[in-house]
Amino acid sequence: MNPITLSPDPLLEELMKLPKEQVLKRTDVFGVDLFADSLGRKALMMYEELSAGKGAVRKTLIKYI
């Protein structure tokens, strides 16, 4: 896999230190707590699928689109 360069973001350093679940709960990032709106589990599942390895993004997009 080729490494990616993360785009600059004022919260990047802070968010990179948090577990994924805590990031998805941040209302300042998403506008809502995704777990309170029952989207958190689905977002985590899709993240795992997207980062599963070579070809994972294409496979995940085909699955959901």
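With which side chain does the side chain of Lys63 make a polar contact? The partner is the side chain of Glu49, and the contact spans 3.4 Å. The structure is a predicted model, and its protein chain holds five helices and zero strands. Read along the sequence, these elements follow the pattern α-α-α-α-α.

**Overall build**

- Taken along the principal axes, the C-alpha atoms of the protein chain fill a box of roughly 30 × 30 × 20 Å.
- The protein chain has 65 residues, and buried residues make up 17% of them.
- Among the helices are H1, which covers residues 12-16, H2, which covers 20-24, and H4, which runs over 40-50.
- Helix H3 takes in residues 27-30, while helix H5 is formed by residues 56-64.

**The largest pocket**

- The largest pocket offers about 580 Å³ of space, and its lining is made up of 15 residues.
- Leu15, Met16, Lys20, Val23 and Tyr47 are the lining residues that lie nearest the centre of this pocket.
- Helices H1, H2 and H4 each supply at least two residues of the lining of the largest pocket.
- Sorted by character, the residues of this lining comprise twelve nonpolar, one polar and two charged.

**Helix H5 and its contacts with Glu49**

- Thr60 lies in helix H5, and it counts as buried because its relative accessibility of 4% is under the 20% cut-off.
- The side chain of Thr60 reaches the backbone oxygen of Glu49 at a distance of 3.4 Å.
- Lys63 also has its place in helix H5, but this residue counts as exposed because its relative accessibility of 53% is over the 50% limit.
- Glu49 is thus contacted through its backbone oxygen by the side chain of Thr60, and through its side chain by the side chain of Lys63.
- Lys63 and Lys42 are 21 residues apart along the chain, and their C-alpha atoms are separated by 13 Å.

**Helix H4 and the loop before it**

- Gly40 lies in helix H4, and with a relative accessible area of 0% this glycine is buried.
- Between the C-alpha atoms of Gly40 and Thr27 there is a separation of 12 Å, with the two residues 13 apart along the chain.
- Met45, another residue of helix H4, counts as partly exposed, since its relative accessibility of 39% falls between the 20% and 50% cut-offs.
- From Met45 to Ile62, 17 residues apart along the chain, the separation of the C-alpha atoms is 15 Å.
- Ser38 is found in the loop between helix H3 and H4, where it is exposed, with a relative accessible area of 61%.
- Ser38 and Ile4, which are 34 residues apart in sequence, stand 30 Å apart in space, taken from C-alpha to C-alpha.

**Aromatic rings and charge**

- A pair of aromatic rings is described by the distance of the centres and the angle of the planes.
- For rings whose centres would have to lie within 6.5 Å of each other, the count in this model comes to zero aromatic pairs.
- The ring of Phe35 nevertheless has a charged partner, for the charged end of Lys25 sits over this ring, 5.7 Å from its centre.

Note on methods. Residues are numbered from 1 along each chain as its sequence is written. This is a predicted model: local features need pLDDT of at least 70, side-chain atom pairs count only at pLDDT 80 or more; totals for chains, interfaces and linings use all residues. Side-chain values use heavy atoms; hydrogens and water are left out. Rings of Phe, Tyr and Trp (its six-membered ring) pair if their centres lie within 6.5 Å; planes under 30 degrees apart count as stacked, over 60 as edge-to-face and the rest as tilted. A charge sits over a ring if NZ of Lys or CZ of Arg is within 6 Å of the ring centre and within 35 degrees of the ring normal. On a 1 Å grid over the protein atoms alone, a cavity is a set of points where a 1.4 Å probe fits but cannot get out, and a pocket is an open set with protein on both sides within 12 Å along at least five of seven lines; lining residues have an atom within 4 Å of a point. Grid points are joined across faces, edges and corners, and a volume is the space filled by probe spheres set on the points. Helices (H or I, at least four residues) and strands (E, at least two) are DSSP runs, numbered from the N terminus. Ala, Val, Leu, Ile, Met, Phe, Trp, Tyr, Cys and Pro count as nonpolar, Asp, Glu, Lys and Arg as charged, and the others, Gly among them, as polar. Buried means under 20% relative accessible area, exposed over 50%, partly exposed in between (1.4 Å probe, protein chains only). A polar contact is a pair of N or O atoms within 3.5 Å; within protein, one must be able to donate a hydrogen and the other to accept it, and residues adjacent in sequence count only if both atoms are side-chain atoms.
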